[in-house]
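Grab a pencil and work through the exercises below, each followed by a solution in small steps. Try each one on the model before you read on.

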Amino acid sequence: MRKALALAGLLLCLAYPLLVYVLLGRTGPVAFAGLLALMAVLRALSAGKRSGAWLQALLLLLFAGLLLLRGSVESLRYYPVAVNAAMLILFATSLLYPPTLIERLARLSDPELPAEGVRYTRRLTQVWCAFFVANGLAALWTARHASWEHWTLYNGLIAYVLMSALLTGEWLLRKRLLVRAGVA
């Protein structure tokens with residue numbers, strides 16, 4: 001059940017920019033606040049002991065409250081900025097208090113991660129931090145200066161393509177490095 005809730009929450013979060021664009025002008029701040037609250041409930045119910053999921057649920061509830069208080073859908077534009085900031089905080093905090101988030105994930109499949117692997121995961125965590133800074137700044141720019149169409153294009157498509165490119169590029173690089181090291 002928890003996995004189904006997590007999947008539903010993930011799909012809703014991924015569809016968020018498109019949903020905002022489609023529903024804009026058809027509904028008001030209360031409906032959007034309800035959508036954010038639903039996303040928060042799904043994250044909380046699927047969170048378990050993961051603090052990152054609880055942080056995301058709290059962020060969603062804060063945005064729902066902000067939307068209700070301001071009574072303006074313009075606040076919706078800043079949700080991708082906040083998500084990037086939250087992800088940056090999660091990744092950067094793990095750099096300050098090791099093991100890094102990516103090292104923890106790597107140790108799920110390789111509990112005896114060698115020192116080179118620890119260095120690699122640390123560097124990769126730094127790369128993701130840089131990505132979240134750049135992506136967050138782009139999301140902020142679209143929130144402040146772009147039309148809803150361009151906001152949706154960047155935050156609902158381009159940002160996901162960039163994230164997928166980083167994931168794919170890292171996966172290909174890791175495979176190449178493993179072959180070179182004679183591990184794969």
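**Exercise 1: the overall build**

What share of the contacts in the protein chain with a separation of 6 or more comes from residues 24 or more positions apart? Then describe the chain's elements, box and surface.

*Solution.* One thing up front: this is a predicted model.

- Step 1. Residues 24 or more positions apart make up 65% of the contacts with a separation of 6 or more.
- Step 2. Run through the elements: the protein chain has 7 helices and 0 strands, so to speak an α-α-α-α-α-α-α string when read from the N terminus.
- Step 3. Put a box around the C-alpha atoms along the principal axes, and you get roughly 60 × 35 × 30 Å.
- Step 4. Check burial and surface. The chain has 184 residues, and 34% of them count as buried. About 10,900 Å² is exposed, with carbon and sulfur atoms supplying 71% of that area.
- Step 5. Tally the charges: there are 18 positive and 7 negative side chains, and the centres of the two sets sit 4 Å apart.

**Exercise 2: the nonpolar cores**

Find the largest nonpolar core and say which residues have the most contacts inside it. Then look for a second one.

*Solution.*

- Step 1. The largest nonpolar core holds 24 residues, and the ones with the most contacts inside it are Tyr16, Val20, Leu36, Met39, Leu76 and Tyr79.
- Step 2. Ask where these core residues come from. Helices α1 (2-23), α2 (29-47), α3 (51-70), α4 (79-96) and α7 (148-180) each chip in at least two. The top contributor is α2, with 7 residues.
- Step 3. Zoom in on Val20. Setting aside residues up to four places away in sequence, Val20 touches Phe32, Leu76, Trp148 and Trp151.
- Step 4. Now for the other one: a second, separate core has 8 residues, among them Ile102, Leu124, Phe131 and Phe132.

**Exercise 3: the salt bridges**

How many salt bridges does a search of the whole structure find? For each, work out how covered the two partners are.

*Solution.* Some background first: side chains of opposite charge can pair when their charged atoms come close.

- Step 1. The search of the whole structure turns up 3 salt bridges.
- Step 2. Take glutamate 74 and arginine 77, whose side chains meet at 3.0 Å, N to O. Buried means under 20% relative accessible area. Arginine 77 has 5% relative accessibility, so it counts as buried. Glutamate 74, at 37%, is partly exposed.
- Step 3. Move to helix α5 (residues 101-109), where arginine 107 and glutamate 103 lie 4 residues apart, about one turn of the helix. Their side chains form a salt bridge at 2.9 Å, N to O. Glutamate 103 is buried at 8% relative accessibility, while arginine 107 is partly exposed with a relative accessible area of 29%.
- Step 4. Finish in helix α7. Glutamate 170 and arginine 174 are both found there, 4 residues apart, about one turn of the helix. The N to O distance in their salt bridge is 2.9 Å. Glutamate 170 counts as buried at 12% relative accessibility, and arginine 174 is partly exposed at 30% relative accessible area.

**Exercise 4: three threonines**

Where do threonine 152, threonine 125 and threonine 27 sit? Decide for each whether the cut-offs make the residue buried or partly exposed, then list what you can about its surroundings.

*Solution.*

- Step 1. Threonine 152 is part of helix α7. Its relative accessible area is 11%, so threonine 152 is buried. Leaving aside neighbours within four places in sequence, threonine 152 is in contact with Pro17, Leu18, Tyr21 and Leu157.
- Step 2. Threonine 125 belongs to helix α6 (residues 115-145). With a relative accessible area of 0%, threonine 125 is buried. Skip residues up to four places away in sequence, and threonine 125 touches Phe91, Ser94, Leu95, Thr100 and Ile102. Ile102 should ring a bell, as a member of the second core.
- Step 3. Threonine 27 is in the loop between α1 and α2. Its relative accessible area is 29%, so threonine 27 is partly exposed.
- Step 4. Finally, pair threonine 27 with valine 73. The two are 46 residues apart in sequence, and their C-alpha atoms are 9.5 Å apart in space.

Technical notes. Residues are numbered from 1 along each chain as its sequence is written. This is a predicted model: local features need pLDDT of at least 70, side-chain atom pairs count only at pLDDT 80 or more; totals for chains, interfaces and linings use all residues. Side-chain values use heavy atoms; hydrogens and water are left out. Buried means under 20% relative accessible area, exposed over 50%, partly exposed in between (1.4 Å probe, protein chains only). Contact means heavy atoms within 4.5 Å. Accessible areas come from the Shrake-Rupley method with a 1.4 Å probe; for residues, only the protein chains shown count as cover. Lys and Arg count as positive and Asp and Glu as negative; His and the chain ends are not counted. The place of a charge is taken as NZ of Lys, CZ of Arg, CG of Asp or CD of Glu. A nonpolar core is a set of buried Ala, Val, Leu, Ile, Met, Phe, Trp, Tyr and Cys residues joined through side-chain atoms within 4.5 Å. A salt bridge is a side-chain nitrogen of Lys or Arg within 4 Å of a carboxyl oxygen of Asp or Glu.
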